[in-house]
Amino acid sequence: YSSAALTKALQTKEISYQKISIMLSLIIQGITSILIIVFSSFVTSIITNQESIINIIHTYMILGISTSLIMCLVIPYKEVLQGFNCEKFIALITIIYVVLDIIVVLLLKETNLLNLNNIYLVNIILNMILYIIYKIKSTKIKYE
């Protein structure tokens with residue numbers, strides 16, 4: 001959907017199409033996520049037969065799905081910004097994102113707080129920051 005939003009935005013010189021892309025991707029991802037959560041034991045049992053993993057997977061699935069849903073907000077803005085010649089901006093933000101992610105994971109390791117929950121929480125927070133940055137940047141673009 002984000003690629004379609006980018007194409008339409010470039011054709012019309014309008015950035016509003018990422019909102020449609022966001023809504024559609026959230027609906028589809030939301031339905032898929034609900035199905036995965038409802039049938040999480042079944043989905044997990046396809047991957048493993050270890051009861052201990054199957055019993056705790058619900059927490060991780062919810063965090064993983066939350067990260068994925070936030071990316072439904074991030075990607076359309078990112079693609080539209082790239083289409084409007086903001087590649088250097090996107091590259092810089094991506095570098096900052098990766099460096100921050102590495103630093104936070106290393107800090108979690110040093111403080112003995114490194115676990116899957118915290119890694120997902122870091123990704124959720126960083127992805128929300130990406131969304132805010134890209135949304136602000138997209139409002140400041142001049143469309144010729």
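**Stop 1: where helix 4 meets helix 5**

Select Lys-78, Leu-81 and Gln-82 in helix 4, then add Glu-87, Phe-89, Ile-90 and Thr-94 in helix 5: these two sets of residues meet. Color the selection by class. The contact of helix 4 with helix 5 shows three nonpolar, two polar and two charged residues.

Keep in mind that this is a predicted model.

Now widen the selection to residues 51-83, which form helix 4, and bring in helix 5 as its packing partner. Their axes lie 7 Å apart, and the packing angle is about 140 degrees. Is that parallel, antiparallel, perpendicular or oblique? Helix 4 is oblique to helix 5, because the roughly antiparallel class takes angles over 145 degrees.

**Stop 2: the whole chain**

Zoom out and show the cartoon. Six helices appear, and zero strands. Follow the sequence from start to end and the pattern reads α-α-α-α-α-α.

Turn on contacts. Take those with a separation of 6 or more: 74% of them join residues 24 or more positions apart. Switch to a surface view next. Of the 144 residues in the chain, 32% are buried.

**Stop 3: confidence**

Color by pLDDT. The chain average is 85, and 89% of the residues score at least 70. Which elements have the lowest and the highest mean pLDDT? Select residues 2-12 for the low end: helix 1 has a mean of 69. Select residues 87-110 for the high end: helix 5 has a mean of 95. Helix 5 is also the partner of helix 4 from the opening stop.

**Stop 4: the nonpolar core**

Go inside. The largest nonpolar core holds 21 residues. Pick out Val-74, Tyr-77, Leu-81, Leu-130, Tyr-131, Tyr-134 and Ile-141, the members with the most contacts inside this core. Leu-81 has been on screen before, among the helix 4 residues that meet helix 5.

Which helices each supply at least two residues of this core? Helix 4, helix 5 and helix 6 do. Helix 4 gives the most, with seven residues.

**Stop 5: Asn-123**

Finish in helix 6, residues 116-139, and center on Asn-123. Buried or exposed? Asn-123 has a relative accessible area of 17%, so Asn-123 falls under the 20% limit and counts as buried.

Last, display the neighbors. Leaving aside residues up to four places away in sequence, Asn-123 touches Thr-67, Tyr-97 and Asp-101.

Methods: Residues are numbered from 1 along each chain as its sequence is written. This is a predicted model: local features need pLDDT of at least 70, side-chain atom pairs count only at pLDDT 80 or more; totals for chains, interfaces and linings use all residues. Side-chain values use heavy atoms; hydrogens and water are left out. Buried means under 20% relative accessible area, exposed over 50%, partly exposed in between (1.4 Å probe, protein chains only). Contact means heavy atoms within 4.5 Å. pLDDT is the predictor's confidence in each residue, from 0 to 100. Axes are lines fitted to C-alpha atoms, for helices over the stretch in contact, and angles run from 0 to 180 degrees between N-to-C directions. Angles under 35 degrees count as roughly parallel, over 145 as roughly antiparallel, 65 to 115 as roughly perpendicular and the rest as oblique. Ala, Val, Leu, Ile, Met, Phe, Trp, Tyr, Cys and Pro count as nonpolar, Asp, Glu, Lys and Arg as charged, and the others, Gly among them, as polar. A nonpolar core is a set of buried Ala, Val, Leu, Ile, Met, Phe, Trp, Tyr and Cys residues joined through side-chain atoms within 4.5 Å.
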